[in-house]
Amino acid sequence: MFRTANETQQDTLARFLKAMDAKHPVTITYTKADGTQTVRTIEAYDVHTTKAGDIVIKAMDRESGESRNWRLDRIQAYTVHRTAFVLPEPEPANELGLRVTVNRPTTVVAREMAREDADYWNDRYDFDPEFDAA
């Protein structure tokens with residue numbers, strides 16, 4: 001088990017990206033906005049950064065079977081499993097059938113640099129105006 005207080009957010013993100021790329025589920029201890037903690041096993045399939053600068057992991061929640069958003073800074077501890085994903089990924093959200101899967105920290109940086117350039121963003125990435133407005 002890794003405790004996020006004992007590592008940098010960059011290290012935590014790198015481990016999640018590696019787990020996502022290998023399609024390994026992760027069990028997290030998560031603190032909700034109201035301060036309550038929950039333990040969930042998730043299957044990450046995408047990473048976003050909000051305009052406020054929060055890194056959000058989009059993942060399938062094994063308990064509910066639905067797609068959920070998890071803020072990286074609210075994850076207190078996590079364990080990466082060696083098993084494989086069991087839940088199907090959600091269908092791509094846009095009409096082109098595209099969804100970017102981030103599997104390297106450099107891709108996260110490139111996406112953030114492209115946020116202000118609509119032509120670059122629309123050409124290369126799935127843009128979700130409702131999500132990015134948060």
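Tyrosine 30 counts as buried, at 7% relative accessibility. The model is predicted. Tryptophan 70 is buried as well, with a relative accessibility of 5%. The two rings pair: their centres are 5.0 Å apart. Their planes stand at 85°, and planes over 60 degrees apart count as edge-to-face, so this pair is edge-to-face.

The pair links distant parts of the chain. Tyrosine 30 belongs to strand β2 (residues 26-31), tryptophan 70 to strand β5 (residues 67-71). Along the chain they are 40 residues apart.

How many aromatic pairs does a search of the whole structure find? It finds three. Another of them joins phenylalanine 2 and tyrosine 78, with ring centres 5.3 Å apart. Here the planes meet at 25°, so the pair is stacked. It also links distant parts of the chain, 76 residues apart. Phenylalanine 2 is in strand β1 (residues 2-3), and tyrosine 78 is in strand β6 (residues 75-80). Phe2 and Tyr78 form one aromatic cluster together with Phe16.

The table sets out the two ring pairs.

| Pair | Centre distance | Plane angle | Class |
|---|---|---|---|
| Tyrosine 30 and tryptophan 70 | 5.0 Å | 85° | edge-to-face |
| Phenylalanine 2 and tyrosine 78 | 5.3 Å | 25° | stacked |

Is tyrosine 78 buried or exposed? Tyrosine 78 is buried, with a relative accessible area of 1%. Its partner, phenylalanine 2, is partly exposed at 31%. The cut-off for buried is under 20%, so the two residues fall into separate classes.

Phenylalanine 2 also has a charge over its ring. The charged end of arginine 15 sits there, 3.8 Å from the ring centre. Arginine 15 lies in helix α1 (residues 9-22). Its relative accessible area is 34%, so arginine 15 is partly exposed. Beyond its neighbours within four places in sequence, arginine 15 contacts Phe2, Glu7 and Tyr78. Both Phe2 and Tyr78 of the stacked pair are thus among its contacts. The C-alpha atoms of arginine 15 and threonine 79 are 9.9 Å apart, across 64 residues of chain.

The strands that carry these rings are paired too. β1 and β6 run antiparallel and are joined by two bridges. In this pairing, arginine 3 stands opposite alanine 77 of β6. β2 and β6 also run antiparallel, with five bridges between them. Threonine 29 has alanine 77 in β6 as its bridge partner. Alanine 77 therefore faces arginine 3 and is bridged to threonine 29.

Notes: Residues are numbered from 1 along each chain as its sequence is written. This is a predicted model: local features need pLDDT of at least 70, side-chain atom pairs count only at pLDDT 80 or more; totals for chains, interfaces and linings use all residues. Side-chain values use heavy atoms; hydrogens and water are left out. Rings of Phe, Tyr and Trp (its six-membered ring) pair if their centres lie within 6.5 Å; planes under 30 degrees apart count as stacked, over 60 as edge-to-face and the rest as tilted. Helices (H or I, at least four residues) and strands (E, at least two) are DSSP runs, numbered from the N terminus. Buried means under 20% relative accessible area, exposed over 50%, partly exposed in between (1.4 Å probe, protein chains only). A charge sits over a ring if NZ of Lys or CZ of Arg is within 6 Å of the ring centre and within 35 degrees of the ring normal. Contact means heavy atoms within 4.5 Å.
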